[in-house]
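The following exercises are meant to be worked through with the sequence and the structure side by side. Each task is followed by a solution that goes step by step.

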Amino acid sequence: MYQIKAIDEFNLSAFNDKTFQVSDTNTPDAIIVRSSNVSDQLITPRLLLVARAGIGTNTINIEACTQNGTAVFNTPGANANAVKELILQALFTSVRPLQTAIAHTAALTGDDLQTQAEATRYQFIGGELYGKTIGIVGLGTIGQQLADSCYHLGMQVVGYNRSSKGLQAVQQLATIDDVLAVADFVVLLLPLTESTRGIIAAKQFQLMKKKAVLLNFGRGALVDDQAVIEALNQGQFKQYITDFPAEALQDQGHVVMLPHLGGNTVEALSKSANLTVKNMRDFLETGVIRASVNFPTADLSFSSPNRLTVFFKSRASLWNDVSSILNRYHVPILEMISNTKGDYGYMLVNINLVANNVTTDQKNQLINELKAVTGTLRVRILDNLNA
Ligand SMILES: NC(=O)C1=CN([C@@H]2O[C@H](COP(=O)(O)OP(=O)(O)OC[C@H]3O[C@@H](n4cnc5c(N)ncnc54)[C@H](O)[C@@H]3O)[C@@H](O)[C@H]2O)C=CC1
Ligand SMILES: O=C(O)CCC(=O)C(=O)O
């Protein structure tokens with residue numbers, strides 16, 4: 001029975017059956033997580049997968065998982081619309097002083113509220129997004145959806161991405177600095193990696209327009225918080241809106257902090273959770289990978305009583321080694337698929353152990369021999385639950 005550990009709150013009723021058990025163990029077979037940190041201590045030889053309900057995987061040690069033969073899943077696109085809508089809300093809020101206008105109106109007294117309100121509304125004159133330039137740094141799923149919406153609002157849309165995206169709604173510029181120099185609103189939608197950490201620092205603020213607003217919906221550490229404070233104090237840009245609260249930014253003027261709300265809608269949470277549970281079940285029960293961060297895609301109908309799965313560091317003669325071991329155990333290969341991602345490969349091999357009289361002891365020996373093949377990082381033999 002697979003032991004599933006949940007870090008963060010999830011409805012895991014789908015997992016309480018004969019095959020899965022939700023458990024608080026420190027040596028789980030599978031971990032499901034939202035944005036919390038996954039401690040390296042949980043990456044034990046037993047850990048088959050880490051499933052992130054969401055897109056950012058910066059809280060998971062991907063390299064350690066790969067070396068351990070642990071598949072890491074996320075849910076690309078599942079919360080993109082929610083993040084896009086929150087950014088649009090933040091953009092509108094940044095140009096219209098709604099909160100102060102609402103508080104002001106609520107504090108009025110008397111039987112001529114409408115008259116008083118209209119007499120004081122000059123205090124709340126706002127601006128418009130129409131015609132302004134938005135610069136989107138990170139033109140992935142969310143960045144592209146945001147670009148389309150802003151284009152349809154009549155904004156000029158420029159953007160930066162490390163690879164060319166060829167988008168109709170966006171004029172893609174060569175560098176982040178080019179974006180910062182022209183944008184009235186800069187939106188960060190990059191993943192946090194070693195190459196993006198601190199990508200917006202003191203030098204970048206010097207390039208920004210003095211009335212520009214910086215919106216960070218990527219990750220807090222993309223931006224140097226101390227440099228934000230100094231740049232705002234020197235009037236180098238107008239406002240910093242971030243979805244990632246930090247102590248250094250608390251009580252700073254011109255800083256708005258949200259409690260990581262980007263993907264926090266009923267729709268996005270349910271889409272992410274459903275996809276996560278599907279990724280987990282498919283991988284644990286059939287070895288199939290449809291979209292993983294570190295394993296190659298591999299999908300093969302499970303039409304045999306058993307299936308061998310091997311995750312390996314690519315090596316020219318690895319397949320020969322695996323097939324000659326199977327031959328020695330008189331286990332014919334019924335069907336197979338193999339795929340690679342970077343330096344790593346993954347194969348699914350349909351086999352029939354019973355028809356070939358392989359005993360449980362022999363099966364365990366077979367697994368041990370396959371594990372001893374140079375380059376293999378994870379070997380599993382699955383029984384077909386539907387056979
Ligand atoms: N605030 C929130 O609640 C949420 C935040 N996010 C953050 O937004 C990020 C983007 O999300 P998606 O658009 O769904 O992901 P995505 O994977 O579709 O897009 C990421 C884009 O960034 C680009 N990129 C990566 N490294 C780069 C670099 N060094 N320089 C330039 N471009 C680079 C990639 O080419 C890709 O186009 C996530 O990684 C996550 O950190 C995502 C969802 C919710
Ligand atoms: O809402 C969440 O838990 C995660 C949203 C997020 O930051 C992501 O998907 O990368």
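## Exercise 1: Two residues with positive phi

H254 is partly exposed, with 16 other C-beta atoms within 10 Å. The model in which this residue is examined is a predicted one.

Task: determine where H254 and D8 lie, what their phi values are, and whether D8 is buried or exposed.

Solution. Begin with H254, which sits in the loop between β11 (239–242) and β12 (255–257), and whose phi is near 65 degrees, a positive value in a residue other than glycine. Turn next to D8, which belongs to the loop between β1 (2–7) and β2 (20–22), and whose phi, near 85 degrees, is likewise positive in a residue other than glycine. As background, most residues other than glycine have a negative phi. Finally, count the surroundings of D8: there are 12 other C-beta atoms within 10 Å, and because a residue with 12 or fewer counts as exposed, D8 is exposed.

## Exercise 2: The sheet and the helix across it

Task: establish in which order the strands of the open sheet that contains β1 follow each other, which strands stand at its edges, and which helix lies across β1.

Solution. First, read off the order, which is β2-β1-β3-β4-β5 for the 5 strands of this open sheet, with parallel pairing. The edge positions belong to β2 and β5 (71–73), each of which has a single partner strand, so one side of each is left without a neighbour in the sheet. Neighbouring strands of this sheet are turned by 20 degrees against each other on average, direction ignored.

Second, inspect one pair within the sheet: β1 and β3 (residues 30–33) are joined in the parallel sense over 4 bridges, and K5 stands opposite I31 in β3. Third, look for the helix, which is α9; it lies across β1, β3, β4 (49–52) and β5, and runs at about 165 degrees to β4.

## Exercise 3: Domains and their contact

Task: find how the chain is divided into domains, and describe the side of domain 1 that touches domain 3.

Solution. Start from the domain assignment, which gives domain 1 (1–74 + 265–294), domain 2 (80–257) and domain 3 (296–386). The C-alpha centres of domain 1 and domain 3 are 23 Å apart, and their contact takes 10 residues from domain 1 and 16 residues from domain 3. On the side of domain 1, the elements that give two or more residues are α1 (62–67) and α9 (266–286). By class, that side has 3 nonpolar, 5 polar and 2 charged residues.

## Exercise 4: The shell around ligand 1

Task: identify which residues come nearest to ligand 1, and which helix supplies the largest share of the shell.

Solution. Of the 27 residues around ligand 1, those that come nearest are G56, G140, R162, P191 and G262. At the level of elements, α2 (80–95) and α5 (141–152) each supply at least two residues of the shell, and the largest share, 3 residues, comes from α5. Sorted by class, the shell divides into 10 nonpolar, 14 polar and 3 charged residues.

## Exercise 5: The chain as a whole

Task: work out what share of the residues counts as buried, and how far A119 lies from V223.

Solution. The chain has 11 helices and 16 strands, and of its 387 residues 37% count as buried. A119, in helix α4 (residues 113–120), is exposed, with 9 other C-beta atoms within 10 Å. A119 and V223 are 104 residues apart in sequence and, C-alpha to C-alpha, 41 Å apart in space.

Technical notes:
Residues are numbered from 1 along each chain as its sequence is written. Chains are lettered from A and ligands numbered from 1 in the order in which they are written. This is a predicted model: local features need pLDDT of at least 70, side-chain atom pairs count only at pLDDT 80 or more; totals for chains, interfaces and linings use all residues. Domain bounds come from an automatic or database domain assignment. Two residues are in contact if their C-beta atoms, placed from the backbone, lie within 7 Å. Ala, Val, Leu, Ile, Met, Phe, Trp, Tyr, Cys and Pro count as nonpolar, Asp, Glu, Lys and Arg as charged, and the others, Gly among them, as polar. A residue is near a molecule or strand if its C-beta atom, placed from the backbone, lies within 6 Å of it. A residue is buried if 20 or more other C-beta atoms lie within 10 Å of its own, exposed if 12 or fewer, and partly exposed in between; C-beta atoms are placed from the backbone. Two strands pair if DSSP finds at least two bridges between them. Axes are lines fitted to C-alpha atoms, for helices over the stretch in contact, and angles run from 0 to 180 degrees between N-to-C directions.
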